[in-house]
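Subject: Structure handover

Hello,

Here is the structure I promised to pass on. Please open it alongside this message. My notes follow below.

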Amino acid sequence: MLNAAFLPTLPLQDVERASQLILRAYGATGSVASSDELRLLQQELFEIQKLPEAWGLVIPLLNHHDENVQFFGAHTAQVKIARDWATFPQEHSESLRDLLVQLTSYSAGIGKSKLILRKLFVSLTSLALRLVPQHPTRWPEWILHCVTSFSGNGASAENVLDFLSISAEEVETADLTGSSKSRMLDSMKDAIPLVVQAIKTSLERPRDETFLREISAALKCFQSWLSFLPTGDFSFLIPVLIALLDPKTDVIFVAASDTLQEIMSKSPLSDGSGTKILTEPLLFWLQLAGANIVDSAVQFGYTDDVSYSLCKLLTAFGDHSAAYVASNIASTAPVTLLPSSIPVAIPPSELEKTKGQLSQNYLRLLLAYTGFPGFYGVDEDVSEMTLGFWYMLQEALWNNDYYFPDGEEAESPQQSEMGDQSGVAKSLYVELLQVLKRKITWPSTGHTWSKDQIEKFVVYRRDVGDILINAYYIIREDMIVYLVNDFMDRLRSRSGDSAQGWEDIEATLHCISSVQEAADYAKVPRLEFIFSPQTLSQLPTTGNVRLRRTVLGLIAAYASWFQVDEPHATVVSKTELLMSSISYIVQSLPDQMLSLQAATALQNLCDANKSALAPRIGAFAELHAGLAQIPDSEKCKVMESIANVIQAIPPLEAIPTIEVIISPILSRLFEVLQSQNVVPTEARDICIIQLGTLTGIAKGLTKTLSFVDGHFEDVEEDKEFQLIQAARQDPRMVQSRESILDAIRGCVKMFNDAETAQALNDLVKAITSLPSDVTLISLPAPPVLEIVCFALQRQPTASWFALAGILTNQLVPATPISIRGEDPERTERRARTMKDYEEQAGVVVGGALPVILNASLSVLGTPGGMENNPDIVQEFFQCLSKVAQGFIQNFYTLPPGGLDALMQCTIRALSLQERYSLVAACTFLNSFISRTAVHSVEAYRQHFISTYGRAIMQSILIGLAGQAPRSVTQNLIELLSGMLNRFVTESTIWLKQVLLDPSFPSSQATLEDKERFMKAVVGSKSMKKTREAAQQFTLVARGLEGTGFGYATMSM
């Protein structure tokens, strides 16, 4: 008899109402509910489930004749236990436990559907997660209790195994910590003998009509329990699993294969252990049976369920046993199987195998899948699965001391038994190279691949490129020799001027390009044959887009090779090779389909070889003259490339060349800005192109690396810096910079759209710099900051605020560096120069700060302004952080009301829900507080403390207590620590006032929790202790203390 008297009783009409709602939403009533109607029905059912009386729905709905209604009854039990357990009377917990076990046992016994049973099994496990961890436990031996009840009521073995699977899955993902987790895990360990026996019985049972379902359930149960099972409790089942790998029964084969894969990835054997009980028995099975499956699949070019599963098994085996394979790749040591692992009815002669033979057979099978017939993503989908193994094998070979530099040999007692490991590995990877080169070869023109298939194949080629690097680490320079020879042989064997048949050559060049990052240029031979004028002249210059794109990518990848002196004698000089490569690139620049790759290759070559190209700067005149033929989108990169070469010319000599490339741009800009006849949209497009080209020049003239770190004292003594400064004083360069400023000013005044603003932003970032990176056309920060402030007044945007921050940072005085033994007079002169610079910079920032503040408040001060403009909030506060770092005094000299408006805005920002806005506000306040405490006068400090200190502390604590997103907890803690360290006495008072204020937002934190938190942080000088206390307070206040989710998601 079911004892359900403790559950609420619902009127019959309410139960009928719920049943009708379920039938209307999900039942086969002949009429399908519309999406809107279905949403309303689901919402009403959800509201019913939320009622305290909904516990009373479980039994009536489970007894309904319709399975949809029964399912909802089981689902209600799960939902109520998971969501509403806190409201359930705890004195009835055991009664609910017994009732739910009886309901589930009865349902399993009468054969209810698996969907319903699954819901009931989840409900039981959810209840166990509530009762078992209690001390003392309120459900001892819960798994045994449930299984005994199920079996006693006639449940099938399949149902019992399904319950065991679900219980393991639910417990493994449960949100438990500490002692609760330990007790729950102990209950799982207590059930291990029962579980293992149930699995073993099902795996060894006679075959009948229910065999397939039961054995599938047993294997699924085995997989679910692997994380709980010690090796000794399941190792005896591994031979049984291998015996189930019978291709005649594909369902069982796949299930057994999946289980072995789980053992190799998730069990205690996942670290590569289990050589005798797992690795070598599987290798024998692959030798005896697996090879036939692979050979058949390759022969017919088709993977069925069995061969696909075998590929997954081979890949999992590689992940598990790569170290074993690497160690024994050529071993002559015999393999001796344990008696329990010897296959039945196998002649003894078949078992006489060496470790090397078994390892090489495995590698042959995996390589067969790697080179599976057909094109990946079109004809087959298994080859990509195996790629990761070749990386792991290369790493394992290296870890196994495979690679001995300069032909050295390692002395080892086992050397003779290991065999020719190096030779076998090298031969293997040469074969892999040949296979992969074939696999990445495009089909001939005329294929009918879809766009998705092409994209998938492109990604596959990129992944293969990564594996080719691993092959290079084994084959070394011989790989380049092989590929270059292959390329040259194929090129020589081509007949006539046919535009077809370049696919094999393209694949070879792709392989060479892919291994560039691993190549040692000082040792790599024969590359000069690819880049020679004779070779490049034989490659097509029209059509054949794919081949030409690959050649351009190859040149870009090996751009720095041209500057390395090779020990191998070459007929053609590196400079000639360089110029022939540039000529090939220039031919492709006008082609719309290749201009991006060509411009990138030119940029890489010029950047890496600027010194070699500088004497030949005149050769770029033709390129500059033909700029009009190059697509607008790539002109910027082309001009950056030319400017890169100019960078290597002495500054005074570079002035005429810079004038030549800049003057046409400025002339075109002024022509458009002053013209009354150009359509506004056309004028805007022209200006954007010219600004982008000027940006490219500015980038090209800027050094990539700086050795002076931007220190004012360093660059003042640097000879190159002095040469640049002298050249900057040339009237031609002075006039050029003034013209650039006028052009920027004109564009800002004339245009107010996002595209032009972005182009101007990019230009300003490129053409302004720290003193260490100054070029002949670098603009000083003050006049540019003035232009930016004008733009902010017209339209405050995040990008303009970001620029204001960059320019302000450039104005921040560098930290003085004392130079030992320096002449005192020079030291004094440097100090005066620095002081004058600081005063001038302070005046500039003092003029810009009110404009920046007013512009931001015009947007952020409006209702919803902060919430609707998170990008502006973020960049605004980041800009202010830079101001605070170097010019804190300027905040206190703002016009009346300015500082107050800023602080009120900042305090409001601490209540935002958008993460990056809040982080930026915290960062600014941290900088402001730090600099105020250290670098401001006492009157300013006292004003800040008395006016804003308590409000800031209140915002921090409210945020920690639950108002702010958890992702910004660390930022709030850092801000709290800054307050506590800088304003010790005042912060102690504010903490107590805020936390004990009755108006403090309600949370899960009690008075004791608050006092504990205050005691921990007050007077603590350790950031670590403050962080730990604040994190604990946050978890408590949010109700996450003791939960796995709370601790797992805690930012550290």
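Which side chain meets aspartate 98 in a salt bridge? Arginine 97 does, with N and O 3.0 Å apart. Keep in mind that this is a predicted model.

**Salt bridges**

The whole structure contains 36 salt bridges. Take the pair above. Arginine 97 is buried, at 13% relative accessible area. Aspartate 98 is partly exposed, at 30%.

A second pair links glutamate 204 and lysine 200. Their closest N and O atoms also lie 3.0 Å apart. Here glutamate 204 is partly exposed, with a relative accessible area of 47%. Lysine 200 is partly exposed too, at 25%.

A third pair joins aspartate 607 to lysine 610, at 3.3 Å from N to O. Aspartate 607 is partly exposed, at 31% relative accessibility. Lysine 610 is buried, at 15%. Elsewhere, shared partners tie salt bridges into one network made of Lys114, Glu158, Asp162 and Arg213.

**A buried charge without a partner**

Glutamate 634 deserves a look. It sits in helix H31, which covers residues 632-647. Glutamate 634 is buried, yet it has no salt bridge. Which side chain of opposite charge is nearest to glutamate 634? That is lysine 637, 4.3 Å away. The cut-off for a salt bridge is 4 Å, so a pair at that distance is not counted. Leaving aside residues up to four places away in sequence, glutamate 634 touches Ser595, Leu596 and Ala599.

**Nonpolar cores**

How many residues make up the largest nonpolar core? It has 333. The residues with the most contacts inside it are Trp225, Trp390 and Phe891. Helix H16, residues 305-327, supplies the largest share of this core, with 11 residues.

Start with tryptophan 225 if you want to see the packing. Its contacts include Ile143, Leu164 and Ala168. Ser165 and Ser167 are also on the list. So are Met188, Ala191, Ile192 and Val195. Residues up to four places away in sequence are left out of that list.

There is also a second core, separate from the largest one. This second core has 15 residues, among them Ile22, Leu23, Leu41 and Leu45.

**Cysteines**

How many disulfides does the structure hold? The number is 0. Cysteine 146 serves as an example. Its sulfur has its closest cysteine sulfur in cysteine 221, 14 Å away, and that is too far for a bond. Cysteine 146 is buried, with a relative accessible area of 0%. Cysteine 311 is likewise buried, also at 0%.

**Annotated domain**

One item comes from the record rather than from the coordinates. An unreviewed UniProt entry lists "domain: Exportin-1/Importin-beta-like" at residues 114-257. What does the chain look like over residues 114-257? It is 72% helix and 0% strand. The C-alpha atoms at the two ends of this stretch are 24 Å apart.

**Where to look**

For a quick tour, try three stops. One is the pair of arginine 97 and aspartate 98, joined by a salt bridge. Another is glutamate 634, buried and without a salt bridge. The last is tryptophan 225, with Met188 and Val195 among its contacts.

Best wishes

Technical notes: Residues are numbered from 1 along each chain as its sequence is written. This is a predicted model: local features need pLDDT of at least 70, side-chain atom pairs count only at pLDDT 80 or more; totals for chains, interfaces and linings use all residues. Side-chain values use heavy atoms; hydrogens and water are left out. UniProt positions are given in the numbering used here, feature names are shortened, and annotations may be inferred rather than shown by experiment. Helices (H or I, at least four residues) and strands (E, at least two) are DSSP runs, numbered from the N terminus. Buried means under 20% relative accessible area, exposed over 50%, partly exposed in between (1.4 Å probe, protein chains only). A nonpolar core is a set of buried Ala, Val, Leu, Ile, Met, Phe, Trp, Tyr and Cys residues joined through side-chain atoms within 4.5 Å. Contact means heavy atoms within 4.5 Å. Lys and Arg count as positive and Asp and Glu as negative; His and the chain ends are not counted. A disulfide is a pair of cysteine sulfur atoms within 2.5 Å.
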